[in-house]
Amino acid sequence: MELADLPNELLEKIFTFLPVNELVNVVSLVCSAWCDVIRTFVLPKQGLLHVRPVHPVTHQLIAMETVLKEQAVKPFPWTNLKLTIPNGDLPTQPEFMRFFNQQGHSLKTLTIQCTELTVDILAAFPTLYNLESLCIVSESESLYRPVPANVEMALTSIKSLTRLRLHLPSYTILRSVAFLSGARLVSLALERFEMELHHLRPLLDDHHRTLRELTVRVEEMKPLLTLLNSYPSLQLHRLNVKSAGNEDDFSDALIQLYDQQPQLRALTIGSELSLRAVDALPQKLLHLQELDLIAESINNCKALSELRHLRRLTLCLYDVRAWDETVQLEGVTELSLAVTFPLISPAIFCSFPCVDRLYLEDVDDDTLMRDIVVVRTLMACMRQVRVLDLENFVFKEREILNDGVVRFEEMERLECLKYSCRDMSDASLLTMNLPVLRELYLTHCPNVSFTGLSYLVRNCPLIERLHLESNKRGLEDEALELITRKLAHLRMLVLVNLRALTNLSLDSIVTNCFYLMVSYFIFIVIETF
């Protein structure tokens with residue numbers, strides 16, 4: 001039997017093992033039969049349908065009623081839906097309720113973006129009895145709107161709900177949460193504004209035995225930690241908490257949380273930790289895989305090497321001059337550092353020999369000139385990375401081109417580079433002989449010209465995503481025509497504030513870029529002044 005003879009059901013099963021982006025951008029282009037199978041059977045189950053009032057290709061306004069009417073009669077309904085409701089009129093239209101009456105039972109995940117959560121929107125919720133994940137995002141800034149009268153009836157019907165995410169100006173709808181007692185929440189996220197604990201407590205009372213992931217923003221950290229510590233049967237795997245501002249030391253409550261939640265896999269604390277709280281982490285949370293923290297410094301950095309399961313580390317530090325170069329965190333593959341560069345030791349870059357992805361931010365980017373030893377160590381130690389994000393680091397070109405500094409072209413595995421330079425010229429592009437590079441973001445390239453881009457497209461032929469920003473005169477229509485003609489794999493092109501471009505550049509894009517897209521959408525931004 002040949003591959004072309006396989007039945008659609010078997011092809012569908014095979015295709016479900018591939019990422020959605022690969023299915024759309026690669027596999028669906030093999031033949032029309034595969035394209036039909038992917039678009040008819042696979043995407044409705046795996047992909048995300050975003051219904052919004054702007055056409056994804058032409059960016060023209062479209063009638064939401066028409067879109068919902070078309071989707072309501074689809075024989076293979078989508079299971080993952082994101083719905084943008086532009087105004088309060090749409091939920092009152094018959095097409096809105098007709099869509100949910102016919103397709104609501106198939107939905108597994110639903111994200112609703114609206115100006116305000118109204119009675120008419122909630123009226124569709126009784127059709128969502130198979131829904132497992134719900135996200136509601138409200139753009140309203142009003143804190144004192146009345147609670148919709150049917151909120152309890154609407155949410156009572158969602159018996160299968162396990163993941164709830166709310167971005168609301170006020171969480172007054174949670175005053176009575178008996179309507180959620182039928183569900184068993186595994187993940188809860190309340191992020192937009194500070195949560196009042198008397199709204200959170202009833203949720204935790206009902207769901208603390210099943211809750212595994214919690215994201216919440218509060219006014220003060222200490223009362224929240226005390227509340228979490230009051231539930232002995234609470235077993236969190238992921239915790240993300242952030243407070244509004246300055247507060248009393250909460251180290252004792254946090255260390256108690258470490259003791260009660262030793263099974264934590266991911267921890268994000270969006271408030272500055274004391275040295276004592278940082279030092280206690282490796283002793284208490286031995287199974288941590290992801291850690292995100294803010295601290296003035298880390299005294300006992302050797303203790304971090306005890307976190308043998310740690311894979312993703314995000315540090316925002318003020319002073320790391322005391323970092324011990326003998327520390328080796330070999331398990332960390334994704335590293336994000338936000339540091340004040342005059343107070344950094346180059347030793348910190350030597351502690352992560354297996355980093356695959358690096359994000360670096362200089363909190364104090366007004367530094368006149370960084371210690372060249374630090375820059376050399378950074379580039380030498382990150383020679384093996386696949387993703388290098390220096391967009392918020394903002395080099396000066398003489399730093400990156402200094403003698404002894406590893407050039408980008410020596411990073412043979414580099415697939416994604418985000419690079420910003422105050423005085424970037426063609427000299428920077430001449431260091432980019434990167435045959436496997438797929439994504440390039442140059443967010444500040446004031447002096448780049450046709451010459452530099454000619455070298456770039458010749459030596460980086462596999463670029464799929466290209467972002468060029470902030471160039472007043474060097475990048476003209478001729479340069480863009482070269483990009484669109486030579487980069488045959490280009491899928492995403494973002495052009496921002498390139499002042500020398502004219503309509504001829506648009507003609508080049510239309511003529512040469514047959515496969516330009518971002519997932520499903522063409523996304524081109526050209527700003528001229």
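Colleague: What makes Phe 96, Phe 99 and Phe 100 a cluster?

Modeller: Ring pairs link these three residues. Keep in mind that we are looking at a predicted model. A search of the whole structure finds four aromatic pairs. Phe 99 and Phe 100 form one of them, with 5.2 Å from centre to centre and 85° between the planes.

Colleague: Why is the pair of Phe 99 and Phe 100 called edge-to-face?

Modeller: Two values matter here, because a pair of aromatic rings is described by the distance of the centres and the angle of the planes. The centres must lie within 6.5 Å, and planes over 60 degrees apart count as edge-to-face. With 5.2 Å and 85°, Phe 99 and Phe 100 fit that description. Both Phe 99 and Phe 100 are buried, too.

Colleague: And what makes the pair of Trp 323 and Phe 352 tilted?

Modeller: The ring centres of Trp 323 and Phe 352 are 6.4 Å apart, and the planes meet at 35°. Stacked needs under 30 degrees and edge-to-face over 60, with the rest called tilted, so 35° makes this pair tilted. The pair links distant parts of the chain, 29 residues apart: Trp 323 sits in the loop between strand 11 and strand 12, and Phe 352 in the loop between strand 12 and strand 13.

Colleague: How do you know whether Trp 323 is buried or exposed?

Modeller: Buried means under 20% relative accessible area. Trp 323 has 6%, so Trp 323 counts as buried. Phe 352, at 1%, is buried as well.

Colleague: Why is Cys 135 called buried?

Modeller: Its relative accessible area is 11%, which is under the 20% cut-off, so Cys 135 is buried. You can find Cys 135 in strand 4. Among the residues Cys 135 touches are Leu 110, Ile 112 and His 167.

Colleague: Now the helices. What makes helix 8 roughly parallel to helix 9?

Modeller: Helix 8 and helix 9 pack at an angle of about 15°, with their axes 11 Å apart. Angles under 35 degrees count as roughly parallel, so that name fits helix 8 and helix 9. Helix 8 passes helix 9 in a right-handed crossing. The residues of this contact divide into seven nonpolar, no polar and one charged.

Colleague: How do you know that helix 15 and helix 16 are roughly parallel?

Modeller: Their angle is about 5°, and their axes are 9 Å apart. That angle is under 35 degrees, so helix 15 and helix 16 are roughly parallel to each other. Their contact residues divide into six nonpolar, one polar and two charged.

Technical notes. Residues are numbered from 1 along each chain as its sequence is written. This is a predicted model: local features need pLDDT of at least 70, side-chain atom pairs count only at pLDDT 80 or more; totals for chains, interfaces and linings use all residues. Side-chain values use heavy atoms; hydrogens and water are left out. Helices (H or I, at least four residues) and strands (E, at least two) are DSSP runs, numbered from the N terminus. Buried means under 20% relative accessible area, exposed over 50%, partly exposed in between (1.4 Å probe, protein chains only). Contact means heavy atoms within 4.5 Å. Axes are lines fitted to C-alpha atoms, for helices over the stretch in contact, and angles run from 0 to 180 degrees between N-to-C directions. Angles under 35 degrees count as roughly parallel, over 145 as roughly antiparallel, 65 to 115 as roughly perpendicular and the rest as oblique. A crossing is left-handed if the near helix is turned anticlockwise from the far one by less than a right angle, and right-handed if clockwise. Ala, Val, Leu, Ile, Met, Phe, Trp, Tyr, Cys and Pro count as nonpolar, Asp, Glu, Lys and Arg as charged, and the others, Gly among them, as polar. Rings of Phe, Tyr and Trp (its six-membered ring) pair if their centres lie within 6.5 Å; planes under 30 degrees apart count as stacked, over 60 as edge-to-face and the rest as tilted. Lists of a residue's contacts leave out its neighbours within four places in sequence.
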